[in-house]
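Student: Could you take me through one part of this structure slowly? I'd like a close look at the nonpolar core.

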Amino acid sequence: REKREMSVCQFSAGISTNFSTGLAAPVGIVCVCVCCYGTLGLESGVVSDAQISASSVWEWARHGEKPSVWASSGSRLKRAGLPWAAVTSDTKQWIQVDLKREKKITGNTNYLHEVRNNFIPPIEARFIRINPYQWHQRIALKMELLGCQCVCM
């Protein structure tokens, strides 16, 4: 089971009120739903390898050795092994996750030093494509997506 941090939010007349904190922010949706910041399944394996694709995959080997494959499946945060890495380091490279149905994505985390990036406002989508535009030496990453399926009552 995935750990979820949850609070109830009310969306009305373009204002979101978080009942846990009492804070309000404009959102433009009219409904009541559960807002959560739990993991969406990359680390746990709920998202299968077939649901993760990339523009390219780097393979590297010394002469006569079996190549190391830096596949899109390696992008799972906190999983042992090589991360995803692109063949070339340019702004045309991407990695994509198919969540199978539309979900509310509120942020992501990345690795070497775990960092949480909150998406304000949250993104509602089935597919998430990340296009790196800055990197050190080579495009490579591990990640997790945070959020939930928005269920309006």
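Tutor: Here's a walk through the core, followed by a few backbone details and a word on confidence. Keep in mind that this is a predicted model.

Let's start with the core itself. The largest nonpolar core is made up of 16 residues. Inside it, Leu42, Val97, Leu99, Ile105 and Leu145 have the most contacts. Strands S10 (95–110), S11 (115–130) and S13 (143–148) each bring at least two residues to this core, and S10 gives the most, with 4 residues.

Now zoom in on Leu99. Leaving out neighbours within four places in sequence, Leu99 touches Leu40, Val47, Gln51, Ile105, Ala125, Arg126, Ile128 and Leu145.

Strand S11 has something else to look at: Pro121 sits in it, and the peptide bond joining Ile120 and Pro121 is cis, with omega at about 0°. Most peptide bonds are trans, and most residues other than glycine have a negative phi. Follow the chain on from S11 towards strand S12 (140–141) and you'll find Gln137 in the loop between them. Gln137 has a positive phi, near 70°, and it's exposed, at 72% relative accessibility.

How far can you trust all this? The chain averages a pLDDT of 77, and 70% of the residues score at least 70. Over residues 1–27, though, pLDDT is below 50, even though the model gives this stretch 66 contacts beyond near neighbours in sequence. Residues 29–33 stay under 50 too. Where pLDDT is low, don't read the predicted coordinates in detail.

Definitions and conventions:
Residues numbered from 1 in each chain as written. Predicted model: local features only at pLDDT ≥ 70, side-chain atom pairs only at ≥ 80, totals over all residues. Heavy atoms only, no water. pLDDT = per-residue confidence, 0-100. Contact = heavy atoms within 4.5 Å. Core = buried A, V, L, I, M, F, W, Y, C linked by side-chain atoms within 4.5 Å. Buried < 20%, exposed > 50% of the residue type's maximum accessible area, 1.4 Å probe, protein only.
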